[in-house]
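The following exercises invite the reader to examine a protein step by step. Each task is followed by a worked solution.

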Amino acid sequence: MARWNHHPWVRCLGSWIAISLVCSGMVVLQTSQAKDLLAPKEQDTTEVGVTQSPSFDKQQQGVPQSLFTWITMAKGYEVEWDTFGRTGWYAQDPRLKPVEPGAVFPAETPVVYIVFEVAPLEDPAQFAVQWFREQPGGSLSHEGVGKDVLEVPGHERYGYLEMKRSGMRWEPGQYVAKLFIAPLGQQPFHAANQVGTMRFTVTESASSRTPAQPK
């Protein structure tokens with residue numbers, strides 16, 4: 001029995017078993033550490049420093065912006081149906097037309113729309129916006145004023161996002177809207193999915209600026 005324990009093959013087998021146990025422990029340790037690094041829920045803040053992304057405020061005709069063929073802010077939108085050259089034969093994808101496009105809105109505006117066209121999508125995607133109040137000096141408010149998400153099915157080209165006022169009226173000032181595009185199932189407001197920004201101004205209404213006339 002003593003000779004059997006000292007046999008070279010037995011010693012090699014023991015060494016192999018010891019190395020296997022050590023490696024298994026390292027795999028278990030690395031796996032547990034990797035699980036700890038996963039975020040358990042959606043993060044409120046995903047930026048490290050300041051994320052620089054292109055501005056969509058000034059667009060050149062015929063030059064796409066990210067996935068957008070064109071994108072604009074407006075007070076509303078209209079639906080125009082494409083036809084196949086025969087009355088009553090409509091396409092499945094309606095065309096959206098912005099109503100009163102611009103970047104300056106009265107404080108009583110209920111919703112500021114972001115209307116856009118993209119190239120036909122092969123897969124569904126999430127388009128999202130989060131808007132912030134711009135502080136003096138160009139910094140943004142820490143907390144966003146609001147956010148909106150739109151799921152666009154595959155092979156569709158048009159869509160819109162809604163930026164709704166938080167109360168009876170907007171607070172006058174400068175605002176920055178951050179735009180995001182993400183596949184379905186991903187966190188839409190992650191900094192890695194930000195594709196651009198747009199700026200708009202909220203002004204006092206004409207009635208609030210005009211002093212009351214004495215009776």
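The exercises below concern this predicted model.

**Exercise 1. Overall composition**

Determine how many helices and strands the protein has, and in which order the elements run.

Solution.
1. Counting the elements gives 3 helices and 9 strands.
2. Read from the N terminus on, the elements follow the order α-α-β-β-β-β-β-β-β-β-β-α.
3. As to burial, 32% of the 215 residues count as buried.
4. The protein exposes about 14,600 Å², and carbon and sulfur atoms supply 57% of that area.
5. Among contacts with a separation of 6 or more, 69% come from residues 24 or more positions apart.

**Exercise 2. The open sheet**

State which strands form the open sheet and which of them are edge strands.

Solution.
1. The open sheet is formed by 4 strands, in the order S2-S1-S4-S7, with antiparallel pairing.
2. Strand S2 (95-101) and S7 each pair on one side only, and these are the edge strands.
3. From one strand to the next, the twist averages 50 degrees.
4. The antiparallel pairing of S1 and S2 extends over 6 bridges.
5. One residue pair may be located here: Gly 76 has Val 99, in S2, as its bridge partner.

**Exercise 3. A backbone angle in strand S2**

Establish what is notable about the phi of Glu 100.

Solution.
1. Glu 100 is located in strand S2.
2. Its phi is positive, about 50 degrees, although Glu 100 is not a glycine.
3. For comparison, most residues other than glycine have a negative phi.

**Exercise 4. The nonpolar cores**

Identify which residues touch the most other members of the largest nonpolar core, and which strands each supply at least two of its residues.

Solution.
1. The largest nonpolar core holds 26 residues, of which Met 73, Ile 114, Phe 127 and Met 163 touch the most other members.
2. At least two residues of this core come from each of strand S1 (68-80), strand S4 (111-118), strand S5 (125-133), strand S7 (158-164), strand S8 (173-183) and strand S9 (194-203).
3. Leaving aside residues up to four places away in sequence, Met 73 touches several residues, among them Phe 105, Val 112, Ile 114, Met 163, Ala 177, Met 198 and Phe 200.
4. A second, separate core has 5 residues, including Leu 96, Val 111, Tyr 113 and Tyr 158.
5. As a general background, nonpolar side chains in soluble globular proteins tend to be buried together.

Technical notes
Residues are numbered from 1 along each chain as its sequence is written. This is a predicted model: local features need pLDDT of at least 70, side-chain atom pairs count only at pLDDT 80 or more; totals for chains, interfaces and linings use all residues. Side-chain values use heavy atoms; hydrogens and water are left out. A nonpolar core is a set of buried Ala, Val, Leu, Ile, Met, Phe, Trp, Tyr and Cys residues joined through side-chain atoms within 4.5 Å. Buried means under 20% relative accessible area, exposed over 50%, partly exposed in between (1.4 Å probe, protein chains only). Contact means heavy atoms within 4.5 Å. Two strands pair if DSSP finds at least two bridges between them. Axes are lines fitted to C-alpha atoms, for helices over the stretch in contact, and angles run from 0 to 180 degrees between N-to-C directions. Accessible areas come from the Shrake-Rupley method with a 1.4 Å probe; for residues, only the protein chains shown count as cover.
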